[in-house]
Amino acid sequence: MNFSFKPHDFEFFIPANCMSCQSICVTQLRLCQSCRRAAFRNEPSEFRNSGLNVTAATTWIPDENRALSLLLKSLKGNDFREDWAELAREFVARLPLKRLEPLCPNSTDSGAPKNQRFVLVPAPASSEGRLHALHFAEGIAQLIGLEVFDVLRHRPSGQSSHQITDASLEGGVPAQKARDKKQRKLRTFYRSRVLPSQCIPIIVDDIVTSGGTAHAAWQAFGRIEKAQVWCFAHRQLDGRGKL
Ligand SMILES: [Zn+2]
């Protein structure tokens, strides 16, 4: 009989240390209780971004929150479905009930116009195929009963130019051009199929910084009224929400 064990066969038995303080008392998300509290110490954030209502479970200022930065970095490039389910629990737990309840199915005080309902639409998978937004949306859906419609896709490059309407793309300073190029890259989503009629999308993303991805998604839905954005973290680069 051939017994051969590889190191990862034992990972189940050897819990990793807290990735922030190295404590061995790790809970979910590879953080100890106290680092988890530190990571999520900021309040939820609700704000308007060029006509869209955005709700975030927490604000994230990378230089000021080491534990949260480490956590979000650890999720990059991987598809930790369970971790995103845990972040979905955190998201739902942090939102005031009066904010969530009207959006849920069978609500008596529905925020949706008559005969319409809210559904969750994750931002499309990144070019590397990461499914963070989808996992996050599925986690939220399980908790509050909204349906997920994974219908947004990246438009193949070369088919996006007609989507660009900014006059600023013509001419302008190089920095502006670079920003526009970045925006153009983001503004290339399309719907792989239409939503059932009467559905209002809640666009779900893992992290919102400038709101470019959320706006591309909104644009793919014809800037439908009442659409909104839910994300785990609102990333602020200078502490005041400005880039
Ligand atoms: Zn810790």
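These are my notebook entries on a few strands, a helix, a loop and the nonpolar core of a predicted model.

**Entry 1, strands β1, β2 and β7.** I began with β2, which spans residues 52–60, and found it mostly covered, since seven of its nine residues are buried. I then looked up its partners: with β1 (residues 45–49) the pairing is antiparallel and runs over five bridges, while with β7 it is parallel and runs over seven bridges. To fix the register for myself I noted one facing pair for each partner: F47 stands opposite V54 in β2, and A56 stands opposite C231 in β7. I also checked the turn of the β1–β2 hairpin, where two residues lie between the strands and S50 has a positive phi near 45 degrees.

**Entry 2, helix α7.** My next query was how much of α7, residues 212–220, is covered, and I found that seven of its nine residues are buried, so the helix is largely enclosed by the rest of the structure. I listed the buried residues as T213, A214, H215, A216, A217, W218 and A220.

**Entry 3, from α7 to β7.** Following the chain out of the helix, I came to G222, which follows α7 and has a positive phi, near 65 degrees. I then asked which residues other than glycine take a positive phi in this stretch, and noted R223, with phi near 50 degrees, and K226, with a positive phi of about 75 degrees. I placed R223 in the loop between α7 and β7, the strand at 228–235, and K226 is likewise in the loop between α7 and β7. For their surroundings I looked up the C-beta neighbours inside 10 Å: R223 has 11 and therefore counts as exposed, the limit for that class being 12 or fewer. K226 has 13 such neighbours, so it counts as partly exposed.

**Entry 4, the nonpolar core.** I kept in mind that in soluble globular proteins nonpolar side chains tend to be buried together. In this model the largest nonpolar core has 51 residues, and those with the most contacts inside it are V121, F136, I203, V204 and A217. A217 took me back to the helix, as it is one of the buried residues of α7. I chose F136 for a closer look and, leaving aside its neighbours within four places in sequence, found it in contact with W84, L87, A88, V204, D206 and F232. V204 thus appears twice in my notes, as a contact of F136 and among the residues with the most contacts inside the core.

Terms used. Residues are numbered from 1 along each chain as its sequence is written. This is a predicted model: local features need pLDDT of at least 70, side-chain atom pairs count only at pLDDT 80 or more; totals for chains, interfaces and linings use all residues. A residue is buried if 20 or more other C-beta atoms lie within 10 Å of its own, exposed if 12 or fewer, and partly exposed in between; C-beta atoms are placed from the backbone. A nonpolar core is a set of buried Ala, Val, Leu, Ile, Met, Phe, Trp, Tyr and Cys residues joined through C-beta atoms within 7 Å. Two residues are in contact if their C-beta atoms, placed from the backbone, lie within 7 Å. Two strands pair if DSSP finds at least two bridges between them.
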